[in-house]
Amino acid sequence: MSKDLFSRYIWLVDTIRRHGRITRSELNRLWIQAPFSGGRPLARRSFFNYREGIQQVFDITVMCDTSTFEYYIEENDEYDSSVTNWVLNSTSISNMLTASRDISGRIFLEQIPSARLHLDKVVESLRRNVRIKFDYSPYYRSQTTHGIVLEPYFLKIFRQRWYITGLNVRDGKIKTYALDRMAAVNLTTENFSLPADFDPESFSRDAFGIIFSQGEVHNIVIRADLRQAKYLRTLPLHHSQQEMLHDTFSDFHYRMRITPDFVRELLSFGPSVTVISPPELKAMIVESLKATLTNYE
């Protein structure tokens with residue numbers, strides 16, 4: 001598929017989604033303003049072909065309400081949590097920014113350094129279920145580990161970095177690696193099978209970040225002031241988040257494991273968030289704060 005055709009699919013889906021329902025005449029008006037239209041309206045035959053292409057590529061159905069002649073996206077319960085939705089959002093934003101080059105000096109983005117380095121090879125290894133071999137230089141160690149062989153299980157993006165989790169063949173343990181710390185990445189000719197009892201979603205469900213310890217799952221409660229509560233409400237820390245509203249604060253409840261990533265996240269909120277329970281998490285926060293204060297004594 002050509003890049004231009006893919007962009008047209010993305011534009012159509014994004015435009016119809018943003019409007020909820022839209023007529024052909026309104027869609028044509030917007031289409032003429034799109035960078036790839038050449039100022040020409042969208043032909044009926046092309047629109048029909050694009051609808052079929054969108055169905056095949058993204059498994060998204062563009063429906064028509066024959067009573068109003070409006071087009072809309074058929075609702076799908078799994079759609080919002082799918083990789084397809086992420087691709088659509090990312091690509092539609094990319095298309096918008098490409099069309100806004102005249103104001104590029106006034107738009108600032110966060111860099112994802114590992115996206116361009118090894119992502120294509122890692123995705124290919126996932127697709128084909130083949131082992132990958134690479135060298136690794138973690139931040140916490142000065143020496144590079146050479147010749148790591150990994151059976152990749154799943155890929156995750158966190159804090160502007162991509163991570164691959166899989167079975168380290170030599171150690172026989174499931175480990176996670178940052179793509180931007182990898183070098184000399186190559187696909188091997190050795191195939192593997194994902195264990196029948198391994199489910200990536202279940203494995204990572206109770207974790208925050210990219211440290212997937214299999215320790216105890218805790219009932220966690222944090223208290224946020226009214227301002228911070230608004231942020232947590234619109235961007236939950238975890239899928240298990242539940243809120244209990246009070247007059248001057250909100251208590252947020254979670255069901256998850258305590259990991260270093262989660263502790264660092266709570267510390268980043270400063271005094272606007274207080275850990276209520278469990279006691280061990282509260283102790284970890286207090287210990288970290290005391291250690292930080294000693295740096296300024």
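**Figure 1. Sequence separation of contacts in the protein chain of the predicted model.** Among contacts in the protein chain with a separation of 6 or more, 57% are made by residues 24 or more positions apart. The protein chain contains 9 helices and 12 strands. Its 297 residues include 37% that count as buried. The chain exposes about 18500 Å², of which carbon and sulfur atoms supply 52%.

**Figure 2. The open sheet of 4 strands, with the order E10-E11-E9-E12.** Pairing within this sheet is antiparallel. Strand E10 (242–245) and strand E12 (273–277) each have a single partner strand, so these two strands stand at the edges, and one side of each is left without a neighbour in the sheet. On average, neighbouring strands of the sheet are turned by 25° against each other, direction ignored.

**Figure 3. Pairing of strand E9 with E12.** Strand E9 spans residues 217–225 and is joined to E12 by 4 bridges. The two strands run antiparallel. Val221 has Ser277 of E12 as its bridge partner.

**Figure 4. Helices H7 and H9 packed on the sheet.** Helix H7, formed by residues 226–234, touches E9, E10, strand E11 (249–257) and E12. The direction of H7 makes about 130° with that of E9. Helix H9, formed by residues 279–294, also packs on the sheet, where it touches E9 and E12. The direction of H9 makes about 145° with that of E12.

Methods: Residues are numbered from 1 along each chain as its sequence is written. This is a predicted model: local features need pLDDT of at least 70, side-chain atom pairs count only at pLDDT 80 or more; totals for chains, interfaces and linings use all residues. Side-chain values use heavy atoms; hydrogens and water are left out. Buried means under 20% relative accessible area, exposed over 50%, partly exposed in between (1.4 Å probe, protein chains only). Contact means heavy atoms within 4.5 Å. Accessible areas come from the Shrake-Rupley method with a 1.4 Å probe; for residues, only the protein chains shown count as cover. Two strands pair if DSSP finds at least two bridges between them. Axes are lines fitted to C-alpha atoms, for helices over the stretch in contact, and angles run from 0 to 180 degrees between N-to-C directions.
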